[in-house]
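Student: Could you take me through one part of this model in detail? I'd like to look at a single strand and whatever sits around it.

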Amino acid sequence: MSWHPQYRSSKFRHVFGKPASKENCYDSVPITRSVHDNHFCAVNPHFIAVVTECAGGGAFLVIPLHQTGKLDPHYPKVCGHRGNVLDIKWNPFDDFEIASCSEDATVMVWNLDTKESVIMSPVKTINCHQDVILSMSFNTNGSLLATACRDRKIRVLDPRAGAVLQEASYKGHRANKVLFLGNLKKLLSTGTSRWNNRQVALWDQDDLSVPLTEEDLDGSSGVLFPFYDADTSMLYVVGKGDGNIRYYEVSADKPHLNYLTEYRSYNPQKGIGESHPEDLLTLLGRLPAGVMPKRGLDVSSCEIFRFYKLITTKSLIEPVSMIVPRRSESYQEDIYPPTAGAQPSLTAQEWLSGMNKGPVLVSLRPGSELLSTRPLPPERPLSNPMAPTSPLLFNQREKLGAEDGRSPFSLLEEKAPRWAAEHRLEEKKTWLTNGFDIFECPPPKTENELLQMFYRQQDEIRRLRELVTQREVQAKQLELEIKNLRMGSERF
């Protein structure tokens, strides 16, 4: 009889959550008091957007990421909806473009650098659901769409044809949220069991008759939000109104869900914005849960994930970093595999024509190159170029431009055309260190930030020294080869 260890060996077993200090939080933010089960928060490496309270319509705030501390009570809002804003998501390929949906049954796409503001008509309408859709998730290449409906059924659809490929009729699990698990060809859903316990279920995407595994968590009533990191195969489960974050490691073999540990806090979260690019739809800019791509993480401190907790009772947004404890200050290749970057692999027209392609991968090593492919040609936007832009949104652009020391018109020139700006960013990559710009990053405000910048510089110096040593060794090898060739030619 073979012996099996009680604990499964994992490099992520000791991952811990580290809340940000008070000076690195966002204070006095008028967070919405809506009771809908949404995230209300979206993050990218430049901005954090939060749904806020607004009389006579819906609005949200767009705050520069480095602008921590107490928020000005008269900070400008992005307005335009006639009803309350329900959720917001950033475009993963353009850090200056954000989408918002509202109770007025509209979806608006806001550009912080142009005057395009509204998508006039959808390219496809899927009407196979009989009730309200509670959750949706695309797979990695955008060829499948999973939905959870109020009828408690999970469906897997072909998003281009609108046809239902699989439908779960299992009565023992009532799903609220559904999520594709990267390239594992599996679905994860959160919901309730027959006895109203909060439950997590894992499904085979090709067979939704019975779940592969089910796990009851507790008897609370808050909705569970799942977040999956395809790079580390870690699943984070966050309950609305809870103060803790559970995390698991997902594997293709049984047992599929391996519990690691949990982060505990006394402050209950209303919503969560995460910091990773899971489950990236390669053309439509679909962001599953207020995502900041991994290019915004601090690799020098071994940060693999970052949440943004909305604490309504304190009007506070608190970043929580998930960190792998390592003693070495050098880049950890094993916990940072190639990840989805900010360049799309397909245009919308290519995807609509039936093409499937995975995301363009990049390395998080400071100063590294794109691991991939050709740049895409510019594409005509789907939005109406003559649609009016809210004046408050223009004031927001003026404020953001003034904080960077530039006018909104210089911002417009700098971002248009969009692909030219991305090429300029590629040319400027030598100025980037661990995901931030040396020239545009504000000076450190506290001793901790100064120490972090010092450690980043030390890591960069160490990396450059190693690079110089490698080049010297290669040069000596070439010199020896040249000498051997010359001696061989002299003999003949």
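Tutor: Here is a walk along strand S25 and its partners, with a detour to the aromatic rings and a short look elsewhere.

Keep in mind that this is a predicted model. Strand S25 covers residues 316-323, and eight of its eight residues are buried, so the rest of the structure largely encloses this strand. In a regular strand, side chains alternate between the two faces of the sheet. You can follow that here: Leu316, Glu318, Val320 and Met322 point one way from S25, while Ile317, Pro319, Ser321 and Ile323 point the other way, and all are buried. Glu318 and Ser321 are included in that, so keep an eye on them as you rotate the view.

Now for the partners. Strands of a sheet pair through backbone hydrogen bonds, either parallel or antiparallel. S25 pairs with strand S1 (residues 16-19) in the antiparallel sense, over four bridges. To find the spot, look for Pro19, which stands opposite Val320 in S25. S24 is another partner: eight bridges join S24 to S25, and these two run antiparallel as well. Within that pairing, Lys309 has Glu318 of S25 as its bridge partner. S24 and S25 form a hairpin with four residues between the strands, and Ser315 there takes a positive phi near 50 degrees.

Next, step across to S24 and look at its rings. Phe227, Tyr236, Tyr247, Phe305 and Phe307 make up one aromatic cluster, and the structure as a whole holds 12 aromatic pairs. In one of them, the ring centres of Phe227 and Phe307 are 5.6 Å apart with the planes at 80 degrees, so this is an edge-to-face pair. Phe227 sits in strand S19 (residues 224-229) and Phe307 in strand S24 (residues 303-311), so the contact ties together parts 80 residues apart in sequence. Phe227 counts as buried because its relative accessibility is 1%, and Phe307 counts as buried at 0%. Phe307 also pairs with Tyr236: their centres are 5.4 Å apart and their planes stand at 75 degrees, so that pair is edge-to-face too. Tyr236 belongs to strand S20 (residues 234-239), while Phe307 belongs to S24, so this pair links parts 71 residues apart in sequence. Tyr236 itself is buried, at 0% relative accessibility.

For another view of strand pairing, go to the open sheet of four strands, ordered S3-S4-S5-S7 with antiparallel pairing. Strand S3 (41-43) and strand S7 (78-81) stand at the edges with a single partner strand each, so one side of each has no neighbour in the sheet. Direction ignored, neighbouring strands of this sheet are turned by 20 degrees against each other on average. Strand S5 (residues 58-64) runs antiparallel to S7, and three bridges join them. One place to check is Phe60, whose bridge partner in S7 is Val78.

What about the cysteines? The structure holds zero disulfides. For Cys54, the closest cysteine sulfur is in Cys79, 4.5 Å away, which is too far for a bond. Cys54 counts as partly exposed, at 27% relative accessibility, whereas Cys25 counts as buried at 2%.

Technical notes. Residues are numbered from 1 along each chain as its sequence is written. This is a predicted model: local features need pLDDT of at least 70, side-chain atom pairs count only at pLDDT 80 or more; totals for chains, interfaces and linings use all residues. Side-chain values use heavy atoms; hydrogens and water are left out. Rings of Phe, Tyr and Trp (its six-membered ring) pair if their centres lie within 6.5 Å; planes under 30 degrees apart count as stacked, over 60 as edge-to-face and the rest as tilted. Buried means under 20% relative accessible area, exposed over 50%, partly exposed in between (1.4 Å probe, protein chains only). A disulfide is a pair of cysteine sulfur atoms within 2.5 Å. Two strands pair if DSSP finds at least two bridges between them. Axes are lines fitted to C-alpha atoms, for helices over the stretch in contact, and angles run from 0 to 180 degrees between N-to-C directions.
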